[in-house]
Amino acid sequence: MPLSTAFTTLLRIRHPIALAPMGGSAGGELAAAVSRGGGLGLLGAGGGDPEWLARELPIVAGAGRPWGAGFQTWATGPAVIEQALEYGPTAVMFSFGDPGPFTGRVRAAGAAVIVQVTDVEEARRAVDLGADVIVAQGTESGGHGARRGRSTLPFVPVVVDLADGIPVLAAGGIADGRGVAAVLALGAQGALIGTRFQATAESLVPPSTAEALVAGRGQDTERNRVLDIARSSRWPERYTARTLGHPHLDLWRGREAELAADPAAARRAYEADVASGAVPAQPVWAGEGVDLVIDLPPAAELVATLAADAERALARAGRG
């Protein structure tokens with residue numbers, strides 16, 4: 001029997017597993033595959049590129065299963081959210097910023113509002129906004145997250161208690177069924193998984209990134225703001241990013257303030273290295289669970305494996 005939770009009931013899905021809406025990797029094919037596998041596929045809409053959305057939205061919407069789109073709240077606007085709503089998503093997720101200006105329109109369109117939070121203050125705001133689902137993101141997560149957040153294990157139950165009945169998904173360092181089972185035991189109603197789904201057949205990442213994820217280890221990851229500054233990224237200072245190791249991290253480690261004060265030379269050096277092929281244009285975003293990424297399966301197959309392994313892990317815990 002599938003694991004039924006308040007999250008699966010609300011979103012009308014089979015398994016308590018959602019795809020993290022990762023910019024650059026969670027395109028229409030990946031989101032559609034996760035949805036077809038019985039999870040919730042969330043398109044990685046980022047700040048909202050209308051041309052990209054016009055290409056990817058029909059793919060995920062055409063899967064005929066519940067799906068959603070995820071936006072970087074600080075970078076998005078009403079026009080691209082409206083563009084996504086035209087395709088009838090089951091849910092819209094907002095991360096990193098105040099989603100208040102957008103939630104009314106999402107609800108009016110009949111979609112659930114998912115809000116990702118990285119600290120207790122953000123969690124309280126999500127509750128006050130009336131979020132339908134709250135994602136509690138721990139600092140083990142790959143990509144962007146809180147500079148001064150908490151690890152997933154202690155953070156999730158705090159958010160569960162604060163949410164007081166609102167379904168909570170756990171995110172950060174979850175890459176196999178045991179991790180899904182663990183967060184369900186903490187009171188979460190499901191897991192939002194990113195790094196593991198980057199390394200799947202449908203992911204948009206280039207082969208070199210997929211290979212790096214399979215070869216990567218948790219101790220190879222590092223949370224920092226150096227690469228955002230060097231890449232001229234506009235990400236707010238309060239959110240740092242976890243990536244695999246990188247030559248420009250080695251160059252500027254411990255000198256972030258110096259880099260931020262005068263970034264021009266570092267940006268020129270980064271651009272020159274990208275142009276020469278010495279470094280990829282994008283870092284390899286990866287969470288601490290990257291050790292568990294050992295292959296590149298089809299995403300629908302991975303959803304089924306995660307769910308089955310979570311059921312077995314919970315059954316073993318019950319016998320203990």
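This passage describes two packed or enclosed helical regions and the empty spaces found in a predicted model.

Helix α2, which spans residues 28-36, is considered first. Seven of its nine residues are buried, so α2 is largely enclosed by the rest of the structure. The buried positions are G28, L30, A31, A32, A33, V34 and S35. After α2 comes G38, a residue whose phi angle is positive, with a value near 100°.

Part of the surroundings of helix α2 can be followed from E56, a residue that belongs to helix α3, which covers residues 50-61. The relative accessibility of E56 is 6%, and because residues under 20% are classed as buried, E56 counts as buried. When neighbours within four places in sequence are set aside, the residues in contact with E56 are G27, G28, E29 and L43; of these, G28 is also among the buried residues of α2.

Helix α3 also packs against another helix. In general, two packed helices are described by the angle between their axes and the distance between the axes. For α3 and helix α4, the latter formed by residues 78-85, the axes come within 10 Å and cross at roughly 10°. Since angles under 35 degrees count as roughly parallel, α3 is roughly parallel to α4. On the side of α3 the contact is made by P50, L53, A54 and L57, while α4 contributes V80, Q83 and A84. Six of the residues in this contact of α3 with α4 are nonpolar and one is polar, whereas none is charged.

The empty spaces of the model were examined next. Rolling a probe the size of a water molecule over the atoms shows where empty space is left. When the whole structure is searched in this model, two cavities of 30 Å³ or more are found. The largest cavity has a volume of about 90 Å³, and its lining consists of F96, G97, D98, P99, V115, Q116, V117, E122, R125, A126, L129 and Y239. Strand β5 (112-117) and helix α6 (120-129) each supply at least two residues of this lining, and α6 gives the most, with four residues. By class, the lining of the largest cavity comprises seven nonpolar, two polar and three charged residues.

The second largest cavity has a volume of about 40 Å³. Around this second cavity lie the lining residues N224, R225, V226, L227, D228, R231, A241, T243 and W285. At least two lining residues come from each of α11 (226-230) and β11 (239-244), and the largest share, three residues, belongs to α11. Four nonpolar, two polar and three charged residues make up the lining of the second largest cavity.

Besides these cavities, the model contains pockets, which are open, and the largest pocket holds about 1,100 Å³ of space. Among the 50 residues that line the largest pocket, those closest to its centre are P21, M22, G23, G143 and W285; W285 also appears in the lining of the second largest cavity. Two or more lining residues of the largest pocket are given by each of the strands β2 (41-46), β3 (67-72), β4 (91-95), β7 (143-146) and β9 (190-193), and likewise by the helices α9 (195-198) and α10 (207-215). The lining of the largest pocket divides by class into 20 nonpolar, 27 polar and three charged residues.

Technical notes
Residues numbered from 1 in each chain as written. Predicted model: local features only at pLDDT ≥ 70, side-chain atom pairs only at ≥ 80, totals over all residues. Heavy atoms only, no water. Buried < 20%, exposed > 50% of the residue type's maximum accessible area, 1.4 Å probe, protein only. 1 Å grid on protein atoms, 1.4 Å probe; cavity = no way out; pocket = protein on both sides within 12 Å on 5 of 7 lines; lining within 4 Å. Points joined across faces, edges and corners; volume = space filled by probe spheres on them. Nonpolar A, V, L, I, M, F, W, Y, C, P; charged D, E, K, R; others polar. Contact = heavy atoms within 4.5 Å. Axes fitted to C-alpha atoms, helices over the stretch in contact; angles between N-to-C directions. Parallel < 35°, antiparallel > 145°, perpendicular 65-115°, else oblique.
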